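Please open the structure in your viewer and keep a selection panel at hand, since this tour moves from one selection to the next and says what is to be found at each stop.

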Amino acid sequence: MKITIDNITIDVAPGTTILNAARMIGGDVTPPAMCYYSKLQDSGGKCRTCLVEVSKGSEKDPRPMPKLVASCRTTVMDGMEVKNITSEKVLDARRGVVEFLLMNHPLDCPVCDQAGECDLQDLSYEHGTEKTRYEFDRRTFEKEDIGPYIQLHMTRCILCFRCVYTADQLTNKRQHGILDRGEHSEISTYLSKSLDNEFIGNVIDVCPVGALTDKTFRFKNRVWFTKAVDAHRDCPTCSGKVRLWMRGEEVFRVTARKDQWGEVEEWICNDCRFHKKETKDWVIEGPTKIRRSSVMSQNHYINEVVPQPELINDVIGKNPKLLFDIHSESDVNRPDVDLSKIEGPAHSNDFNKNKPE
């Protein structure tokens, strides 16, 4: 089937959702998603951040859809045309969705362990507004230990349901879920039970905000001060392929590896995540490839300079016939001194003193 998203046409298989079709294109064409998780069945349709405008339904029925649709739950029709960042309706609706998500979410990023790798931070920066119109008291909850290694901050939760789906589909027995309804909804355990399944630590990785945190890492370091490396070990329970967050030779945190969409590539067990915190436990493969735009890449990765395109022809509107060295033409600096190669700042001795001002 053919689908056109923001004027880019792509062929996809029948049954593909608009969101996954946009991910095949990549870049800004891809709508954000806070609740959808490709590895979790029935996920999506909760947060409404992936809303798009369908300007043409299909070749057989070219009528546009009357309302914005959730791209994670809407399948492609042959000849469909979709607008994401090219639609002002979508951008305006997305700003409204972000405002709703931040209505009760506290702005405690400076003390949150998720800061620097939080999907809600990125979403609010790209699509949010500078001020809030919410004047009422935000709902608050007490912090809750839902296991020996996991702490729940329900105050930060945006009810994406990812952790519930993970526990339901990955573990043998789910012991937590959604309580109450409407604005009183909250995630909690049944009668304060602890989550002790050997794969339950994965609920930390799927949480897009700082609602579920690793108690072995809490307040120990900031993510941008650590260096992420890929590693593996021979684990009898899981694949053993993880990401280590290190500072020097010390392992501060162990997480599953994630793809470009922030989704876990392979689930890992609690033993790898919480108990293997020494370098000798792992076979280091090398530094993790992280987007250069991410705060986590700062000061860690070298020799990854992206070549810049030659834009001079586009800027001046024609091909230049001659390019010259301004230093040799201006005769300001001494001919035997290359200002771009000297160590430190330039001094008066580096310039031609006989040159009149």
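The stops below cover a sheet, a hairpin, the nonpolar cores, some salt bridges and two loop residues. The model is a predicted one, and every value quoted here is computed from it.

**Stop 1: the four-stranded sheet**

Begin by selecting β11, β12, β13 and β14, which form an open sheet with antiparallel pairing in the order β13-β12-β11-β14. The strands at the edges are β13, residues 250-256, and β14, residues 283-287; each has a single partner strand, so one side of each is left without a neighbour in the sheet. Looking across the sheet, you will find a twist that averages 35° from one strand to the next.

Now narrow the selection to β11, residues 227-232, and β12, residues 241-247, which are joined in the antiparallel sense over six bridges. Within this pair, place a label on V229, which stands opposite L244 in β12.

**Stop 2: the hairpin of β8 and β9**

Move next to β8, residues 176-179, which runs antiparallel to β9 and is joined to it by four bridges. The two strands make a hairpin with six residues between them, and in the turn D180 has a positive phi of about 65°. I178 is a useful residue to label here, as it stands opposite I187 in β9.

Are the faces of β9, residues 186-189, covered or uncovered? Both are covered, for E186 and S188 on one side are buried, as are I187 and T189 on the other.

**Stop 3: the nonpolar cores**

Select L120, V209 and L212 together, since these touch the most other members of the largest nonpolar core, which has 37 residues. Two or more residues of this core come from each of α2 (88-101), α3 (119-127), β7 (150-152), α4 (162-170) and α5 (202-206). If you then expand the selection around V209, leaving aside its neighbours within four places in sequence, its contacts are M34, H105, Q114, C118, L120, R156, C157 and I158.

Apart from this core lies another, of 21 residues, and among its members are Y37, Y165, V229 and V251. V229 thus brings you back to the residue that faces L244 at the first stop.

**Stop 4: salt bridges between distant parts of the chain**

A search of the whole structure gives 17 salt bridges, of which a few are visited here. Select E263 and K39, whose closest N and O atoms are 4.0 Å apart in a salt bridge. The pair links distant parts of the chain, with E263 in the loop between β13 and α6 (270-275) and K39 in the loop between α1 (18-25) and β3 (51-56), 224 residues apart. E263 counts as buried because its relative accessibility is 1%, whereas K39, at 34%, counts as partly exposed. Adding R23 to the selection completes the picture, for R23, K39 and E263 are linked in a network of salt bridges.

Go on to E117 and R253, whose side chains meet in a salt bridge at 2.9 Å, N to O. Here too distant parts of the chain are linked: E117 lies in the loop between α2 and α3, while R253 belongs to strand β13 and is 136 residues away in sequence. R253 is buried, with a relative accessible area of 9%.

The third pair to select is K215 and D145, with a distance of 3.6 Å from N to O in their salt bridge. K215 lies in the loop between β10 and β11 and D145 in strand β6, residues 144-145, so the pair ties together parts that are 70 residues apart in sequence. K215 is partly exposed, with a relative accessible area of 29%, and D145 likewise counts as partly exposed, at 45%.

**Stop 5: two buried loop residues**

Select T216, in the loop between β10 (212-214) and β11. With a relative accessibility of 16%, T216 counts as buried. Which residues is T216 in contact with, leaving aside its neighbours within four places in sequence? They are Y149, F252, F274 and K277, and with K277 the T216 side chain makes a side-chain polar contact of 3.1 Å.

Finish at H153, which is found in the loop between β7 and α4 and counts as buried at 6% relative accessibility. Leaving aside its neighbours within four places in sequence, H153 is in contact with K143, G210, A211, T213 and R218.

Key:
Residues are numbered from 1 along each chain as its sequence is written. This is a predicted model: local features need pLDDT of at least 70, side-chain atom pairs count only at pLDDT 80 or more; totals for chains, interfaces and linings use all residues. Side-chain values use heavy atoms; hydrogens and water are left out. Two strands pair if DSSP finds at least two bridges between them. Axes are lines fitted to C-alpha atoms, for helices over the stretch in contact, and angles run from 0 to 180 degrees between N-to-C directions. A nonpolar core is a set of buried Ala, Val, Leu, Ile, Met, Phe, Trp, Tyr and Cys residues joined through side-chain atoms within 4.5 Å. Buried means under 20% relative accessible area, exposed over 50%, partly exposed in between (1.4 Å probe, protein chains only). Contact means heavy atoms within 4.5 Å. A polar contact is a pair of N or O atoms within 3.5 Å; within protein, one must be able to donate a hydrogen and the other to accept it, and residues adjacent in sequence count only if both atoms are side-chain atoms.
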